[in-house]
Amino acid sequence: SSLPDDVVLQGTSLLDSELRLEQAETAFGEEREPKKHFESSWKSLVTLCALSVILCYADRSNISIAILPMGEAFGWDKTFEGIVLSAFFAGYSTTQLVGGQWADQSGAKHVLTFGVVMWSLGTGLTPAAAALGAAPVILMRVMLGLGEGVAF
C-alpha cells in the first residue's frame, strides 16, 4: 500500500524526514513505545556496576583491618606488612591505562568482568597465600591490584 500524501518521505531535512516517518508509522498503527527490555537491562547494568564498585572498595580496604592479626599470626614485622599493603599498587598502577585501552577495544563489559574475577580471586586467596609464605601473599595483592586497576 502507498502512503497518504501528507506522510510522503520527501522532507528537506533529516529531522523533517524522521517526523514524517513517525507520522507514517502512526498512520499504519505502528506506534513506537519505549522498549521495556532496554529500560530494565539499563537499570540492571547500572546496579551491577554500582555493586562492583562497592565490592571493589570493600576488597581494597579489608586488608587494612586484617593486616594486624595476619602479621601477628604469621610473624610479619611492620616493614613486611607495609610491603604486603603496597604490593596492591604495583598491579593497580600497571592496569590503569591498559584497562582503558582494553575497554576501548573490547567494551567495558568484558574488562569489568575480568576485573571483578581477578580482584575477587586475589581477595579470596589472600589468607591461603599468606599461610604459604611471602611470595604468594604478595602475588595475591598484586593480582587484586591488577583486577581493580582496570575498573577505574
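How many aromatic pairs does a search of the whole structure find? The search finds six of them, in a model that is predicted; the paragraphs below take up some of these pairs, together with the nonpolar cores and one buried arginine.

**Nonpolar cores**

The largest nonpolar core is made up of eight residues, namely I63, I67, M70, W76, F80, V84, A130 and V137. Two helices, α2 (36–74) and α3 (78–106), each supply at least two residues of this core, and α2 gives the most, with three residues. Besides this, there is a second, separate core of five residues, among them C56, Y92, W119 and L144. In soluble globular proteins, nonpolar side chains tend to be buried together.

Within the largest core, I63 can be followed further: leaving aside neighbours within four places in sequence, I63 is in contact with M70, which also belongs to that core, and with L85, T126 and R141.

**Aromatic pairs**

Two of the ring pairs share F89, and their geometry is set out here.

| Ring pair | Centre to centre | Angle between planes | Arrangement |
|---|---|---|---|
| F88 and F89 | 4.9 Å | 85° | edge-to-face |
| F89 and Y92 | 6.3 Å | 85° | edge-to-face |

Why does the pair of F89 and Y92 count as edge-to-face? The planes of the two rings stand at 85°, and because planes over 60 degrees apart count as edge-to-face, the pair of F89 and Y92 receives that description. In sequence, F89 and Y92 are three residues apart in helix α3, so they are separated by about one helical turn.

The three residues of these pairs differ in how they are covered: F88 counts as buried, at 1% relative accessibility, and Y92 is buried with a relative accessible area of 17%, whereas F89 is partly exposed, with a relative accessible area of 49%. Y92 is also one of the residues of the second core.

Elsewhere, ring pairs link F74, W76 and F80 into a cluster, and of these, W76 and F80 also appear in the largest nonpolar core.

**A buried arginine**

R141, already met as a contact of I63, lies in helix α5 (residues 134–151). Which side chain of opposite charge is nearest to R141? That side chain is E148, 7.1 Å away, and R141, although buried, has no salt bridge. Not counting residues up to four places away in sequence, R141 touches R60, I63, V84, L85, A87 and F88. Among these contacts, I63 and V84 are members of the largest nonpolar core, while F88 is the buried partner in the edge-to-face pair with F89.

Terms used
Residues numbered from 1 in each chain as written. Predicted model: local features only at pLDDT ≥ 70, side-chain atom pairs only at ≥ 80, totals over all residues. Heavy atoms only, no water. Core = buried A, V, L, I, M, F, W, Y, C linked by side-chain atoms within 4.5 Å. Buried < 20%, exposed > 50% of the residue type's maximum accessible area, 1.4 Å probe, protein only. Helix = DSSP H or I, 4+ residues; strand = E, 2+ residues; numbered from the N terminus. Contact = heavy atoms within 4.5 Å. Phe/Tyr/Trp six-rings, centres within 6.5 Å; stacked < 30°, edge-to-face > 60°. Lys, Arg positive; Asp, Glu negative; His and termini not counted. Salt bridge = Lys/Arg side-chain N within 4 Å of Asp/Glu carboxyl O.
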